[in-house]
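Hi everyone, thanks for making time this morning. I'd like to walk you through one fold, so let me put it up on the screen.

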Amino acid sequence: MAQSEAAFQQECVIWFHNTYPNLRGLLFMVNNNSSSKREGAFKKALGLVAGVSDLIFLYECKAHCIELKTPNGYQSTDQLCWEDLVYKQGIDYYVINSIAKFKNLIIKIIEE
């Protein structure tokens, strides 16, 4: 059975927290999902932006936006638009589809 995107995200975050306990809090999720139109409108009024990446990692004065996808997953139109928006600001954006790629990305960022 294929792993859900939520389970994949949980695996990534747990690995990060266990591997880099001194950096906990610098990798965090963006809760931009809503269960109803009313909740969505409320969150939008609070600053919700459609398409924001699943995770943001802040490290050494840089932001790294990480979108997690299952191997068969793909970005929505909102996600593609947001990726373009952050790239234009010089912010790194990654689409990751495996725990191995996530680990390699974090190690690369930390060792740069």
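Let's begin where helix α1 meets helix α4: from α1 the residues in contact are F8, E11, C12, W15 and F16, and from α4 they are I99, F102, K103, I106 and I107. Of the residues in this contact, eight are nonpolar, two are charged and none is polar. Please keep in mind throughout that this is a predicted model.

How do the two helices sit against each other? Helix α1 covers residues 5-19 and helix α4 covers residues 99-111; they pack at an angle of about 35 degrees, and their axes are 10 Å apart. The crossing of α1 past α4 is right-handed.

Now, on to the sheet. It is open, has four strands in the order β1-β2-β3-β4, and its pairing is mixed. Which strands form the edges? Those are β1, residues 27-29, and β4, each of which pairs on one side only. On average, neighbouring strands in this sheet are turned by 25 degrees against each other, ignoring direction.

Helix α1 comes back here, because I'd like you to see it from the sheet's side too. It packs on the sheet and touches β1, β2 (55-59), β3 and β4, with its direction at about 145 degrees to that of β3. Helix α3 packs on the sheet as well, touching β3 and β4, and its direction makes about 145 degrees with that of β4.

Let me zoom in on β3 and β4. Strand β3 (residues 62-68) pairs with strand β4 (residues 92-96) in the parallel sense, over five bridges. If you want to find the register on your screen, I66 has Y94 in β4 as its bridge partner, and L68 stands opposite I96 in β4. Together with helix α3, residues 77-87, these two strands make a right-handed β-α-β unit.

Last stop, the salt bridges. How many turn up in a search of the whole structure? There are five. One of them joins E5 and K69, with the closest N and O atoms 3.8 Å apart. This pair links distant parts of the chain: E5 is in helix α1, K69 is in the loop between β3 and α3, and they lie 64 residues apart.

That's my tour, and I'm happy to take questions!

Methods
Residues are numbered from 1 along each chain as its sequence is written. This is a predicted model: local features need pLDDT of at least 70, side-chain atom pairs count only at pLDDT 80 or more; totals for chains, interfaces and linings use all residues. Side-chain values use heavy atoms; hydrogens and water are left out. Axes are lines fitted to C-alpha atoms, for helices over the stretch in contact, and angles run from 0 to 180 degrees between N-to-C directions. A crossing is left-handed if the near helix is turned anticlockwise from the far one by less than a right angle, and right-handed if clockwise. Contact means heavy atoms within 4.5 Å. Ala, Val, Leu, Ile, Met, Phe, Trp, Tyr, Cys and Pro count as nonpolar, Asp, Glu, Lys and Arg as charged, and the others, Gly among them, as polar. Two strands pair if DSSP finds at least two bridges between them. A crossover is right-handed if, with the strands pointing away from the viewer, the path from the first strand over the helix to the second runs clockwise. A salt bridge is a side-chain nitrogen of Lys or Arg within 4 Å of a carboxyl oxygen of Asp or Glu.
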